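Student: I would like to take a close look at a single part of this protein. Could you please guide me through one helix and its surroundings?

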Amino acid sequence: MTGLSTILIVVGLFLVGGIISFVKQKMPTSLIVLLSIGAAMCLVAGVLRLGVWN
């Protein structure tokens, strides 16, 4: 596991935690959607770096 892929996955999981927290606090939906897009992009980029660019 390379350093960059690890960082991307950790940041993605951190953002998922933020999504869960914001849903519990009943924050605006647009903010939750924005966090969801960022988390998905980080997680997908991290996983793709693991699988494609070994």
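Tutor: The following account describes helix α1 and the parts around it.

This is a predicted model, in which local features need pLDDT of at least 70 and side-chain atom pairs count only at pLDDT 80 or more, while totals for chains, interfaces and linings use all residues. Residues are numbered from 1 along each chain as its sequence is written, and side-chain values use heavy atoms, with hydrogens and water left out.

Let us begin with the setting. The protein has two helices and zero strands; helices (H or I, at least four residues) and strands (E, at least two) are DSSP runs, numbered from the N terminus. Along its principal axes, the C-alpha trace spans about 40 × 15 × 10 Å. The protein has 54 residues, of which 20% count as buried. Here, buried means under 20% relative accessible area, exposed means over 50%, and partly exposed lies in between, with a 1.4 Å probe and protein chains only.

Helix α1 covers residues 3-24. Its 22 residues reach 32 Å from the first C-alpha to the last, close to the 32 Å expected at 1.5 Å a residue; the expected span is 1.5 Å times one less than the number of residues. After α1 comes K26, whose phi is positive, near 55°.

Which residues of α1 are buried? They are S5, I9, G12, L15, G18 and I19. These buried residues pack against α2, the helix of residues 29-51. S5 offers an example: its relative accessibility is 0%, so S5 counts as buried. Leaving out residues up to four places away in sequence, S5 touches G46, R49 and L50, where contact means heavy atoms within 4.5 Å.

Two of the buried residues, L15 and I19, also belong to the largest nonpolar core, which has six residues and further includes I32, L35, A39 and C42. A nonpolar core is a set of buried Ala, Val, Leu, Ile, Met, Phe, Trp, Tyr and Cys residues joined through side-chain atoms within 4.5 Å. Both α1 and α2 give two or more residues to this core, and the largest share, four residues, comes from α2. In soluble globular proteins, nonpolar side chains tend to be buried together. I32, a member of the core, is in contact with I19, F22, V23 and M27, leaving aside its neighbours within four places in sequence.

Helix α1 also has a surface to consider. V11 lies in α1 and is partly exposed, because its relative accessible area is 36%. Together with L4 and I7, V11 forms a nonpolar patch on the surface, with about 250 Å² of accessible area. Patches are made of residues with over 30% relative accessible area and no salt bridge, like charges being joined within 9 Å and nonpolar side chains (Val, Leu, Ile, Met, Phe, Trp, Tyr) within 5 Å. A salt bridge is a side-chain nitrogen of Lys or Arg within 4 Å of a carboxyl oxygen of Asp or Glu.

Finally, consider the partner helix. M41 lies in α2 and is exposed, because its relative accessible area is 58%. The C-alpha atoms of M41 and I9 are separated by 9.7 Å, although these residues are 32 places apart along the chain. Across the protein, 67% of the contacts between residues at least 6 apart in sequence join residues at least 24 apart.

How values were computed:
Accessible areas come from the Shrake-Rupley method with a 1.4 Å probe; for residues, only the protein chains shown count as cover.
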